[in-house]
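I opened my notebook to look through this structure piece by piece. Here is what I looked up, entry by entry.

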Amino acid sequence: MTGRAKICGLSTPETVKAAVDGQAAFIGFMFFAKSPRNIAPDVAARLAPPARAANVKVVAVTVDPDDVLLDQLSATLKPDFIQLHGKETPSRAREVAARTGAGIIKVFSVSEPSDLDPARAYESVADYLMFDAKAPAGFDRPGGTGARFDWTMMKGRRFERPWLLAGGLDPWNVAEAVQLSGAPLVDVSSGVERGPGIKDPSLISAFLEAVRRA
Ligand SMILES: O=C(O)c1ccccc1NCC(=O)[C@H](O)[C@H](O)COP(=O)(O)O
């Protein structure tokens, strides 16, 4: 794995190709019915091979997943990582890892410095931590909203796991976000779309180029 970015919510071969060609570290497929990026596990399984061939890690993005979904994912997509974007406890995260054999990316919704504190309890179970902006009022999903938080909140914070910055990133602001936050890794979804859930290959390429230069 060489890249420093995760491109989330892919649903077409063209956008997977743009992510792989641009040296993304991870691609994410979304499994949450209320998301405009939601796809079925077998569809994701058909999209994933070019990423695997290039050693781009495949992430199944979920919100409080039940065991039925986890078993479907294990039987079809076989993700390298499960992203837990809900209210999963550390012990549930441990169960998910044991049940699927996948690594864990645990997400924390941030609007103020104290929102970073719960991450400590997950450092022994998660492979990666992700800090994403808290969804604005009125959203019926906890991620993929395009909202951002104060990136300077992250500066100088130390964690025992590598972490990703998420929330409102795009090709034009990601360099500043990296500089202000000190993020080693970044994640994007709506900032590389031309409409809700519609990823744009040229925006994915531009984002990854901006990350390489940052
Ligand atoms: O993308 C979604 O629709 C989504 C829905 C529910 C939970 C998580 C979701 N996305 C997960 C991600 O990792 C996004 O990339 C992250 O929230 C940043 O999104 P954005 O602000 O749109 O870049």
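**Entry 1: the ligand.** I began with the residues around the ligand and found 26 of them. The closest are Cys8, Ser35, Gly143, Gly144 and Ser190. Next I sorted this shell by residue type: 13 are polar, nine are nonpolar and four are charged. I also looked up where shell residues come from, and noted that strands β2 (26-31) and β8 (185-188) each supply at least two.

**Entry 2: how far to trust it.** This is a predicted model, so I checked the predictor's scores. The protein chain has an average pLDDT of 97, and 99% of the residues score at least 70. For the complex, the predictor gives an ipTM of 0.98 and a pTM of 0.97. I wrote myself a reminder that where pLDDT is low, the predicted coordinates should not be read in detail.

**Entry 3: helix α7.** I picked helix α7, which runs over residues 201-213 and so has 13 residues. From first C-alpha to last, α7 reaches 19 Å, close to the 18 Å expected at 1.5 Å a residue. Which residues of α7 are buried? I listed Ile204, Phe207, Leu208, Ala210 and Val211. Looking down the axis of α7, I saw that these buried residues fall within an arc of 160°, so they line one face of the helix. A general rule helped me here: an α-helix has 3.6 residues a turn, so residues three or four places apart point the same way. On the other side of α7, I found Ser202, Arg212 and Arg213 exposed. What do the buried residues of α7 pack against? My list reads β1 (5-8), α1 (13-21), α6 (174-181), β8 and β10 (198-199).

**Entry 4: helix α6.** Since α6 turned up among the partners of α7, I looked at α6 next. Its buried residues are Val174, Ala177, Val178 and Ser181. They cover an arc of only 95° around the axis, which puts them on the same side of α6. The buried residues of α6 pack against β7, β8 and α7. Just after α6 comes Gly182, and I noted its positive phi, near 75°.

**Entry 5: Trp151.** I then looked up Trp151, which sits in the loop between β6 (128-133) and β7 (163-165). Is Trp151 buried or exposed? Trp151 is buried, because 22 other C-beta atoms lie within 10 Å, and 20 or more is the cut-off for buried. Leaving out residues up to four places away in sequence, Trp151 touches Leu165, Ala177, Leu180 and Ser181. Two of these names, Ala177 and Ser181, I had already met as buried residues of α6. I also took one distance: the C-alpha atoms of Trp151 and Phe131 are separated by 9.9 Å, with their places 20 residues apart along the chain.

**Entry 6: two positive phi angles.** Most residues other than glycine have a negative phi. I therefore wanted to note the exceptions I came across. Gln23 has a phi near 65°, a positive value in a residue other than glycine. I found Gln23 in the loop between α1 and β2, partly exposed, with 17 other C-beta atoms within 10 Å. Asn55 also has a positive phi, near 60°. The place of Asn55 is the loop between α3 (49-53) and β3 (57-62). How many C-beta neighbours does Asn55 have inside 10 Å? I noted 12, so Asn55 counts as exposed.

**Entry 7: Asp115.** Asp115 lies in the loop between β5 (103-110) and β6. With 16 C-beta neighbours inside 10 Å, Asp115 counts as partly exposed. Its contacts, not counting residues up to four places away in sequence, are Phe108, Ser109 and Val110. The C-alpha atoms of Asp115 and Lys134 are 9.4 Å from each other, and the two residues are 19 residues apart along the chain.

**Entry 8: Glu193.** My last stop was Glu193 in strand β9, residues 193-195. Glu193 has 21 C-beta neighbours inside 10 Å, so it counts as buried. Not counting residues up to four places away in sequence, Glu193 touches Ile198, Lys199 and Asp200. Finally I checked Glu193 against Ile105: 88 residues apart in sequence, they are 23 Å apart in space, C-alpha to C-alpha.

Key
Residues numbered from 1 in each chain as written. Predicted model: local features only at pLDDT ≥ 70, side-chain atom pairs only at ≥ 80, totals over all residues. Near = placed C-beta within 6 Å. Helix = DSSP H or I, 4+ residues; strand = E, 2+ residues; numbered from the N terminus. Nonpolar A, V, L, I, M, F, W, Y, C, P; charged D, E, K, R; others polar. Expected span 1.5 Å × (residues − 1). Arc of directions from axis to C-beta. Contact = placed C-beta atoms within 7 Å. pLDDT = per-residue confidence, 0-100.
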